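Biologist: Could you take me through one part of this model up close, and then show me how the parts around it fit together? Keep it informal, please.

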Amino acid sequence: MARPQDPPRGFFPFGNPFKNLSSKNPVLSSNLLSLLNTFETNLASSITKLVPKEKSQILTLSWMSQAMASLCQTHNAIKTLITDLELPVSDWEDKWVDIYLDISVKLLDLCNAFSSELSRLNQGHLFLQFALHNLGTNAPQNLPKAQSSLDAWKQHIVSKNPRLESCHAILTSLVQTLNLPKVKNSAKGKVLMRALYGVKVKTLYISGVFAAAFSGSSQNLLYVTVSNELPWAPSFMDMQNTMNSEMKSIFLSDGLTVMKELEAVDSGVKNLAPAIQQGSIDSISLQPLKDSVTELTSGIDLVSKEVDCFFKILLSGRDTLLENLRSMGAPTTVLTTSPKKAAGKKQRGF
């Protein structure tokens, strides 16, 4: 398991991203201020709900499911804000479109990597089910088969998923987008860019937690510094500090994996080892393993559904934007850019 390398660094490399809304700029209308305040207040509330109340909740599939559902909610909220701002794509600056397409394709790549790992973890369920079946018979001749299945499950869980190897590079490139483009003569654009900044920070950090949990590498764990000017900053820093502090300790442990539900199954397997060797398993001693397997399977299903939901929201947003661009007669090069090519484009700040 990877060990934390250097102390966390803040990602704020491009100065103050909120100068676009400073007193030097035209004063926003009361309606625009109300829309921005409502969005940022709701963002703060959604982040507060993700702050673990107990250490035991950290790096659980339950928290991951809740976090991904929260991202879906936030990304839907930004769509609503764009509608409320009455800011059609025809009023977007070209760089906003380029940046949105570039960032969204990277998030889609992360979703694909996460879905791949969830599918791989779910495949391990077959080993566990076969083992539980043989253990449930309490027949001495079936116990070696059960032990073989449990050993195969462990080997499967600790094996590496090559689809996760790209996560660190993608996250690093997304970090470079944590600045706001200059918005000229568009009060609505300035509101949108500031709101999108909050969406990006929340999305980036949670994506880093997912990548760290699935890869078992602390290198994917991020520490994002945000300005105190933002109403959601205290909630975000509370969530980040609470999560990162405990996750560092977990990464330093010698467990099979950093994810709690997987560790619970592994603990159940270890507890049964003496009874398997003695050649007799009773239903009472087997129940804890059954319960942990059920919780693991249920958790994987829930997280998979939320990741799929997030993927569809991102894809729908891209499709809508591209369709609007087509109706405006946008250049073919913009509309035909493949995800693979977009992921490799030179990054411009968001």
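Modeller: Let's fix a term to begin with: a residue is buried at under 20% relative accessible area, exposed at over 50%, and partly exposed in between, using a 1.4 Å probe and protein chains only. Helices here are DSSP runs of H or I with at least four residues, strands are runs of E with at least two, and the numbering goes from the N terminus.

This is a predicted model, where local features need pLDDT of at least 70, side-chain atom pairs count only at pLDDT 80 or more, and totals for chains, interfaces and linings use all residues. Residues are numbered from 1 along each chain as its sequence is written, and side-chain values use heavy atoms, with hydrogens and water left out.

The part to zoom in on is helix α6, residues 167–175, whose buried residues are C167, I170, L171, S173, L174 and V175. Those buried residues pack against two partners, α3 (94–123) and α7 (187–215).

Now for the two partners themselves. The axes of α3 and α7 are 11 Å apart and the helices pack at an angle of about 25°; axes are lines fitted to C-alpha atoms, for helices over the stretch in contact, and angles run from 0 to 180 degrees between N-to-C directions. That makes α3 roughly parallel to α7, given that angles under 35 degrees count as roughly parallel, over 145 as roughly antiparallel, 65 to 115 as roughly perpendicular and the rest as oblique. Their crossing is left-handed, a word used if the near helix is turned anticlockwise from the far one by less than a right angle, with right-handed for clockwise.

Contact means heavy atoms within 4.5 Å. On the α3 side, W96, I103, L107, L110, F114, E117, L118 and L121 touch G189, M193, K200, T203, S207, F210, A211 and F214 of α7. Sorted by class, this contact has 11 nonpolar, 3 polar and 2 charged residues. Here Ala, Val, Leu, Ile, Met, Phe, Trp, Tyr, Cys and Pro count as nonpolar, Asp, Glu, Lys and Arg as charged, and the others, Gly among them, as polar.

Another pair is α4 (residues 125–137) with α5 (residues 143–158), which pack at an angle of about 160° with axes 8 Å apart. These two are therefore roughly antiparallel, and their crossing is left-handed. In α4 the residues involved are F127, L128, F130, A131, N134 and L135, and they meet L143, K145, A146, S149, L150, A152, W153 and H156 in α5. By class that comes to 10 nonpolar, 3 polar and 1 charged residues.

Two loops deserve a glance as well. N138 lies in the loop between α4 and α5; N138 has a positive phi of about 55° although it is not a glycine, and at 33% relative accessibility it counts as partly exposed. E86, in the loop between α2 (61–84) and α3, also has a positive phi of about 55° without being a glycine, but E86 counts as exposed, at 59%.

Further along, S292 sits in helix α10 (residues 283–327). S292 is buried, at 8% relative accessible area, and, leaving aside neighbours within four places in sequence, S292 is in contact with A264 and V265.

Stepping back, the chain has 12 helices and 0 strands. Of its 350 residues, 49% count as buried. Among contacts with a separation of 6 or more, 83% come from residues 24 or more positions apart.
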